[in-house]
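Please look at the sequence and the model together before reading on. The report below follows a few contacts between side chains and then turns to the surface and to the annotated spans.

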Amino acid sequence: MALKDNAAVSLSIAVLCCCIFTLGQLVMFLSSHGSLKQNRYPPFVYFGHSESPWLQIIIDLFLMGVFVLQHSLQNRKAVKEFLVDKGFGIFERLLYNLGSCFALQVLIQLWHPVPSWIVWEISTLVHPMAWWFFAIAHSIGWLIIYGGCFIMDLTELLGAKQVFYSLQGWPDPLSLKSDGLRRFYSHMRHPSFCALALLLLVHPTMQIDRLLLAHMLLLYMILCTRVDDVDYCYQRRMLQRKERDLNCT
């Protein structure tokens, strides 16, 4: 195997490990009972120990802006065409996920909870049934999201499949999918808006920083999702086909 091929495989493995690690931290960040995890590294030396809730909110809004900016810029057609022109087309999805992991790590590690502004708070230590309710609800939400990723072809979604197919001399895996599926993917790449809303809003402790995070992410997803009637009809046809296949077996 050539040096370039070894580098491609090494990059794929490194990005996959980074994605798995970051997604695990995201689960703990959003689903741990209590406030969002305390920041590990002060984003600014002179802001790190500030007790001002307004300053904490400004920092959190900045961190959310970094994540939204990364997602928007790397998803632009001009960026994808630039990578193709430079010969890095097969790494486009890998680099996108690597950038997403970096943006998420920055948000998770530098996040500032605002414990002084509480919207609601339910002690799951005092109420065991509440603990089970929120634990089951979040387990269902993550199962829907990660299950949807597997259904949508996880290796292609992460970018590893593109590299493997390129090394084998095969065409891009996305080009082998139907026109309807490619059109749907171009309009929506993240599974389950409802499950994400559940994870963000159904929580025992809702502080103002979590409420802002929920509104920002859900609003961004609404604005960036362009699913239309054609995509809906395609999904409905596929569901009906699956039901017929299952009935035949």
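## Salt bridges and surface

Asp 228 and Arg 183 join their side chains in a salt bridge, with N and O 2.8 Å apart; the term stands for a side-chain nitrogen of Lys or Arg within 4 Å of a carboxyl oxygen of Asp or Glu. Because Asp 228 lies in the loop between α10 (208-224) and α11 while Arg 183 lies in helix α8, the pair ties together parts that are 45 residues apart in sequence. Helices here are DSSP runs (H or I, at least four residues), as strands are runs of E with at least two, and they are numbered from the N terminus. Asp 228 counts as partly exposed at 28% relative accessibility, and Arg 183 is also partly exposed, at 30%; buried means under 20% relative accessible area, exposed over 50%, and partly exposed in between, with a 1.4 Å probe and protein chains only.

This is a predicted model, in which local features need pLDDT of at least 70 and side-chain atom pairs count only at pLDDT 80 or more, whereas totals for chains, interfaces and linings use all residues. Residues are numbered from 1 along each chain as its sequence is written, and side-chain values use heavy atoms, leaving out hydrogens and water.

The structure holds seven salt bridges, and the table gives three of them.

| Pair | Closest N to O distance |
|---|---|
| Asp 228 and Arg 183 | 2.8 Å |
| Lys 177 and Asp 153 | 3.1 Å |
| Arg 189 and Glu 156 | 2.9 Å |

Both Lys 177 and Asp 153 are buried, and so are both Arg 189 and Glu 156.

On the surface, Trp 131, Trp 132, Ile 136, Ile 140 and Ile 144 make a nonpolar patch of about 510 Å². Patches consist of residues with over 30% relative accessible area and no salt bridge, where like charges are joined within 9 Å and nonpolar side chains (Val, Leu, Ile, Met, Phe, Trp, Tyr) within 5 Å. Ile 136, which lies in helix α5 (residues 128-151), is partly exposed at 45% relative accessibility.

An unreviewed UniProt entry carries the annotation "transmembrane region" for residues 7-33, 53-73, 94-111 and 131-152, although such annotations may be inferred rather than shown by experiment. In the model, residues 7-33 are 93% helix and 0% strand, with end C-alpha atoms 41 Å apart, while residues 94-111 are 94% helix and 0% strand, with end C-alpha atoms 25 Å apart.

Conventions
Accessible areas come from the Shrake-Rupley method with a 1.4 Å probe; for residues, only the protein chains shown count as cover.
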